[in-house]
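The following explanation leads the reader through a single protein model. Please keep the sequence and the coordinates at hand while reading.

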Amino acid sequence: MSISDLTILVDGVPRRVPAGMTVAVALLQIGIVDFRHDLSGRPRGPLCAMGSCFECRVTIDGVPEVRACLAVVREGMTVEPGR
């Protein structure tokens, strides 16, 4: 990681990610591909990566249903995928 990295908390675990990327890319980079589950319990993740499909919704800083592909990481952000 470089000097421009920052720390986000993913399910309570500190993770270092490069500044400037979206939450979706950060989660994929650290190996998380299941961002949420549909009503049948099937895992869902990013599909369009531009905010149209709503498949990448996660909870960010306590706010549910945030599209991870549109949110940019920031220092200390808390992210809860799989809710």
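The account begins with the sheet and then turns to the salt bridges.

The model is a predicted one. Its sheet is open and consists of five strands, arranged in the order β2-β1-β7-β5-β6 with mixed pairing. The edge positions are taken by β2 (13-18) and β6 (63-67); each of these has a single partner strand, so one side of each is left without a neighbour in the sheet. From one strand to the next, the twist averages 40°.

Strand β1 offers a convenient way into this arrangement, since the order of the sheet places β1 between β2 and β7. Towards β2, the pairing is antiparallel and comprises six bridges. Within this pairing, Thr7 of the sequence stands opposite Arg16 in β2. The two strands β1 and β2 form a hairpin, with two residues between them. In the turn of this hairpin, Asp11 has a positive phi of about 50°. Towards β7, the pairing takes the parallel sense: β1 (residues 5-10) and β7 (residues 78-80) are joined over two bridges. Here Leu9 has Thr78 in β7 as its bridge partner. As for solvent exposure, β1 is mostly covered, with five of its six residues buried.

The second part of the picture concerns charged side chains. The structure holds five salt bridges. One of them joins the side chains of Arg36 and Glu55, at 2.9 Å from N to O. Arg36 belongs to strand β3 (residues 36-37), whereas Glu55 belongs to the loop between β4 (43-44) and β5 (57-60), so the pair ties together parts that are 19 residues apart in sequence. Both Arg36 and Glu55 are buried.

What surrounds Glu55, leaving aside its neighbours within four places in sequence? Glu55 is in contact with Phe35, Arg36, Arg44, Gly45 and Leu47. With one of these residues, Arg44, the side chain of Glu55 makes a polar contact through the side chain of Arg44, at 2.7 Å. The relative accessible area of Glu55 is 14%, and a residue counts as buried under 20%, so Glu55 is classed as buried.

Another salt bridge is formed between the side chains of Asp38 and Arg42, with an N to O distance of 2.8 Å. Asp38 has a relative accessible area of 17% and is therefore buried as well, by the limit of under 20%.

A further salt bridge links Arg74 with Asp61, whose closest N and O atoms are 2.2 Å apart. Arg74 is found in the loop between β6 and β7, and Asp61 in the loop between β5 and β6, so this pair ties together parts that are 13 residues apart in sequence. Are these two partners buried or partly exposed? Arg74 is partly exposed, with a relative accessible area of 42%, and Asp61 is likewise partly exposed, with a value of 35%.

Finally, the salt bridges can be viewed in terms of shared partners. Arg36, Arg44 and Glu55 are joined into one network by salt bridges that share partners. The network thus includes Glu55 of the loop between β4 and β5, together with Arg36 of strand β3.

Note on methods:
Residues are numbered from 1 along each chain as its sequence is written. This is a predicted model: local features need pLDDT of at least 70, side-chain atom pairs count only at pLDDT 80 or more; totals for chains, interfaces and linings use all residues. Side-chain values use heavy atoms; hydrogens and water are left out. Two strands pair if DSSP finds at least two bridges between them. Helices (H or I, at least four residues) and strands (E, at least two) are DSSP runs, numbered from the N terminus. Axes are lines fitted to C-alpha atoms, for helices over the stretch in contact, and angles run from 0 to 180 degrees between N-to-C directions. A salt bridge is a side-chain nitrogen of Lys or Arg within 4 Å of a carboxyl oxygen of Asp or Glu. Buried means under 20% relative accessible area, exposed over 50%, partly exposed in between (1.4 Å probe, protein chains only). A polar contact is a pair of N or O atoms within 3.5 Å; within protein, one must be able to donate a hydrogen and the other to accept it, and residues adjacent in sequence count only if both atoms are side-chain atoms. Contact means heavy atoms within 4.5 Å.
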